[in-house]
Amino acid sequence: MITKGRQVIQHWYKQKNWQQFAFQQEMEAAYLGGYSGLLNAPTGSGKTFALFLPFLVDFINKHPDTYTTQKNNGLLMLWITPLRALTNDIRKAMQEACDEMGLPWHIATRTGDTSAAEKAALKRKLPEVLLTTPESLHLMLAQKEYPKLFNNLQVVVIDEWHELLGTKRGVQVELGLSKLKALSPKSEVFNQVPEKDSGLMTQNLRLKIWGISATIGNLEQAAEVLLGNNFPADQIRMVRANLEKKLDIQSIIPGNVENYSWAGHIGLKLLPQVMEIVAKSKTTLIFTNTRSQSEIWYHAILDNYPEYAGIMAMHHGSLDNELRNWVEQALHAEALKLVVCTSSLDLGVDFRPVDCVIQVGSPKGVARFMQRAGRSGHHPGAVSRAYFVPTHSLELLEGAALKAAIKRGIFESRDPMLLTMDVLIQYMVTLAVSDGFRADELFNEVKGTYAFADLTRNEFGQLLEFITTGGKTLAQYDEFLKVEIENGLYKVNSRRVAMRHRLSIGTITSELSIRVKWLSGGSLGTIEESFVSKLKPGNTFWFAGRSLEFIRVKEMTAFVKKSNSTKGLIPSWNGGRMPLSSQLAAVFRDKLDEVAHGIEKDVEVLALKPLFKLQQELSHLPQSHEFLIESFKSREGHHLLFYPFEGRLVHEGMASLLAFRISKIRNASFSIAMNDYGFELLTDEDVPIEDVLEDAGFFSIDNLIDDIQHSLNANEMARRRFRDIAHIGGLVFTGYPGQQVKNKHLQASTSLLFEVFTEYEPDNLLVRQAYNEALAFQLEEFRLRAALQRIATQTIILKTIERPTPFAFPIMVDSLGREKLTTETMEERIAKMARRYGAEGVGEVDETRKNRKPGITRKKGF
DNA sequence: GACCTGCTGCGGCATG
């Protein structure tokens, strides 16, 4: 028999003239069956309705006669997204559906954009559906009597779970869910875990938890993390959309690879080819890897293709929100033909008009490239078109690797974070701020999460002590005594502490930046202090796609006016440095192995043939069982080049490690340079590399941690990590909104705390976390270990070379920028380098490098 | 306080 709910939905589908996909039906069955789990579906696949509609069917089935009149049902569905903008879009879609079906419901959002009045209204009258962010959920948990809000809660949805998984925001979500589970009726089932598929379903578990995730390498684990390790295994389902998305990927191949840049990261040489594609497409997104790169590209297009003025825009994270919103709307309205952007457009609203995506430079990962490619061709059945633009010759092989990886269905995993004590401390204080908590209860709830499954009672005790007394070290400072214990209830009584805590909920930390404003008012975005300090009044710089004259800085604001000059500096920002993912790196090595075996089925490989031929002549093309080391002498000293093809972070760690191990045999100091493919050790000493290689321990993983601690400034890395940890854990207060505490002070205070802890309480959990994070994320220890183990099985090919090879050249050029101060421009120096080594084959280096000033001394290994 | 190519994301008071 067809239920009332199904009937209503079917009718609605018909009116909409929509078809229901198989996975949507599967999702509905799982939902109505009372399951929780993970929906694996890409954006633009109707995933929102795949979850929302079953929820409506369920409700209508339960209230078949009153669903059109019944109001004030309390909060039934909580929908969490990582992006504020998404909450608004989804709200609109849901509200429209409810209106059309005659449900008199209120769908609301609650984010940082919600006004105080609206927030108060939400408390008085709960909406049926609330869309919010992880941070706002925790702010709700910091309110008095918060459990009342969730009295009627039926389901929590975590949208874009893959984006949160692997971050501290993800851990925050886990903790939030653990509380919602504990509040839900029959929550005791969470402590009795039946066998999976035992056939005995734990009945009446009312709260359902569903995650929505794009495809990642560890979907099963993603579901485990989401639901926690105390979730009844018989109530978990995985629903996969399996929508065949047609993807058309092409690499843009430079006309003459031999003359294409051997090094560089900007890629402007291919501008004409790129613009040909743009001209042929309706709407194009050009993705660049850095904010300054998008400014550079935008500027170059305006210079060379002035006809794009007015139909082209830019989008990146340092531009003002107003500007970005305008761009997004204009994209929707088909008013733009081209947008140059960074990953700020990776996620978010669907831009239907977009029919072409161009990726400039390595996307560094398969999943990221897929995500971006998917921004084009959103119509059902449409083909997503994506182009890859290499910024230097060897990068072209990444194009072949990307295609192969996608064909093989390889995706990166998102590794969940474990035992992040800073996030737990923040959560504990959050609960203490509202209704307070009892230690044993909370310990059990928290143990149910994936992140804190291994938390010991002793560690938990240390955290309790920390928030009540400041712990061993800080006990004498009042400001760390936040939480009081009253009859076993941990509670914050001070209004000041409570207020300050609410102000600092969240796990995202960022540097203080300088706002760019017109003299006449109106803000453009933000730039960094270090860039502003280079400017003198009257200087011109390019930002937000405009030529600006710098007037002055006042109170963290740089005032500017319009400039007519077409030349000017382009700001750079200090963003994160992403290494090539290990999955993409592995396929890249496969491709290289094919090359070494003379397999030339890829257009990219075919185009690169002359380059590889030269590599073979000058040195060697390593097969997968070989590890290439090149050595040569120059006026600069002795160069050793290693090629693990394992991403720059691993190379940085391995370079320091090997330098340290060499120095144990022979006293020498090294300069280090690296890119995603390999690294260079440069020294004045004549290192007997053959002897060093004979030493079995050279690539060994024995004493790895110890050697790393000696070779790298591990303390410094941990100290920097500790800054964020101290912020999140609430050890420092970053100031009231609009009057941030100066960075210098914060640095000084976190640095001081780090030292105090290290000295008096070396086993402090937060300090330990800082070291662990440095090891895991800065050094990618796990990957480094795997790489060393791989190398240990490979045959080492040591080649003495006369001049830099195609493999070596990009690494050496990267190191140029770090060399001693000279008056030569980058262009002159590269030309000189090419001449010096008689590298006729060496193509020109990227245009934009010409203007870069040489600066700063070369980085010392240790 | 280092970065030299270097991303993204959120949140926020005081008061009788």
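What follows is a short walk through the predicted model of chain A, from its overall build to a few individual residues. Local features here need pLDDT of at least 70 and side-chain atom pairs count only at pLDDT 80 or more, while totals for chains, interfaces and linings use all residues. Residues are numbered from 1 along each chain as its sequence is written, chains are lettered from A, and side-chain values use heavy atoms, with hydrogens and water left out.

To start with the whole chain, there are 32 helices and 28 strands in chain A; these are DSSP runs, with helices being H or I of at least four residues and strands E of at least two, numbered from the N terminus. The radius of gyration, taken over C-alpha atoms, is 29 Å, close to the 29 Å that the globule rule gives for 862 residues, so chain A is as compact as a globular protein of that length. That rule is 2.2 Å times the number of residues to the power 0.38. The C-alpha trace spans about 85 × 65 × 65 Å along its principal axes.

Of the 862 residues, 57% are buried, meaning under 20% relative accessible area with a 1.4 Å probe, protein chains only. Contacts (heavy atoms within 4.5 Å) often reach far along the chain: among those between residues at least 6 apart in sequence, 75% join residues at least 24 apart.

Zooming in, helix α9 covers residues 219-227, and its buried residues are L219, A222, A223, V225, L226 and L227. These pack against a mix of elements, including strands β1 (36-40), β5 (155-158) and β6 (208-213), as well as helix α8 (168-183). Right after α9 comes G228, whose phi is positive, near 90 degrees.

Further along sits V366, part of helix α13 (residues 366-373). V366 is buried, with a relative accessible area of 0%. Leaving aside neighbours within four places in sequence, V366 touches L402, A405, I406, I410, E412 and L584. V366 and K403 are 37 residues apart in sequence, yet their C-alpha atoms are 8.9 Å apart in space.

As for the cysteines, the structure holds zero disulfides, a disulfide being a pair of cysteine sulfur atoms within 2.5 Å. C356 is in no disulfide, and the nearest cysteine sulfur, that of C341, is 12 Å away. C356 is buried, with a relative accessible area of 0%, and C98 is buried too, also at 0%.

Definitions and conventions: Buried < 20%, exposed > 50% of the residue type's maximum accessible area, 1.4 Å probe, protein only.
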